[in-house]
Amino acid sequence: MGPERSPDVQDTMPLHLIKLAVGCDSVKELKARVAERARAARLGRKPLRHVHITRMTPKREAELLDGGSLYWVIRGEIAAREKLIGIEPFRDKEGINRCRLVMQPKVIAVMPRPMRAFQGWRYLTAKDAPPDLAAAARGVAEMPEQLRRELRELGLL
């Protein structure tokens, strides 16, 4: 038996980030980009990780790295996520502060949810994050992405 916990102690839920996947038209395309970067890393004998560079560094690092993911908005929908494994602030060649968001190089499709465009990244609470597509109703994950998008727009998904 483990130690008793005080009733006022709550389990923490991971915090996530959400970001636009600029120039990406589908989850399939995002997966291909990440796979290509992973292939290049293997060929260059570099660590297998996917990095996205941002201008601002998240202040809630501990919460993000406690099971958080970076959720990607593709064509106006939250569509996929990658698990965050590191946050690395740095200064670029021009002396500007930047941040590497380091993720496992595995794109996970989520139940699509509409999301308006925004700049930078935003925090996303666990309760507001869409579930993984694999956990959705049977058969939905096997549907072509465009069909899921059309069904969602019609209010059928």
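Over which residues does pLDDT stay under 50? That happens over residues 1–10, where the model has two contacts beyond four places in sequence. What you have here is a predicted model, with a mean pLDDT of 85 for the protein and 89% of its residues at 70 or more. Where pLDDT is low, the predicted coordinates should not be read in detail. Beyond that stretch, here is a quick tour of the side chains.

**Salt bridges**

- The structure holds eight salt bridges, and a few of them are picked out below.
- R81 and D132 pair through their side chains, with 2.8 Å from N to O. R81 belongs to strand 4 (residues 77–91), while D132 sits in the loop between strand 7 (121–125) and helix 3 (145–153), so this pair ties together parts that are 51 residues apart in sequence.
- The two partners differ in exposure class: R81 is buried, because its relative accessible area of 15% falls under 20%, whereas D132 counts as partly exposed at 23%.
- R60 and E63 also form a salt bridge, again with 2.8 Å from N to O. R60 is partly exposed at 35% relative accessibility, and E63 is partly exposed at 33%.
- K127 and D128 meet in a salt bridge at 3.7 Å, N to O. Here K127 counts as exposed, since its relative accessibility is 68% and the class starts over 50%; D128, at 36%, is partly exposed.
- R49, E88 and R100 are linked together in a network of salt bridges.

**Aromatic rings and the charges over them**

- How many aromatic pairs does a search of the whole structure find? It finds one.
- That pair is W121 with Y123: the ring centres are 5.1 Å apart and the planes stand at 75°, so the arrangement is edge-to-face. The cut-off behind that label is an angle over 60 degrees.
- W121 counts as buried at 15% relative accessibility, while Y123 is partly exposed at 30%.
- Y123 has a charged visitor too: the charged end of R60 sits over the Y123 ring, 5.1 Å from its centre. This is the R60 that makes the salt bridge with E63.
- Which ring does the charged end of R100 sit over? That would be the ring of F90, with the charged end 3.9 Å from its centre. R100 also takes part in the salt-bridge network with R49 and E88.

**Cysteines**

- If you're hunting for disulfides, the structure holds zero.
- C24 counts as buried, with a relative accessibility of 4%.
- C99 is buried as well, at 0% relative accessibility.

**A look at S26**

- Where does S26 lie? You'll find S26 in the loop between strand 1 (15–20) and helix 1 (27–43).
- Is S26 buried or exposed? S26 is buried, because its relative accessible area is 18% and the cut-off for buried is under 20%.
- Setting aside neighbours within four places in sequence, S26 is in contact with I74 and E145.

Key. Residues numbered from 1 in each chain as written. Predicted model: local features only at pLDDT ≥ 70, side-chain atom pairs only at ≥ 80, totals over all residues. Heavy atoms only, no water. Helix = DSSP H or I, 4+ residues; strand = E, 2+ residues; numbered from the N terminus. Buried < 20%, exposed > 50% of the residue type's maximum accessible area, 1.4 Å probe, protein only. Contact = heavy atoms within 4.5 Å. Phe/Tyr/Trp six-rings, centres within 6.5 Å; stacked < 30°, edge-to-face > 60°. Lys NZ or Arg CZ within 6 Å of the ring centre and 35° of its normal. pLDDT = per-residue confidence, 0-100. Disulfide = S-S within 2.5 Å. Salt bridge = Lys/Arg side-chain N within 4 Å of Asp/Glu carboxyl O.
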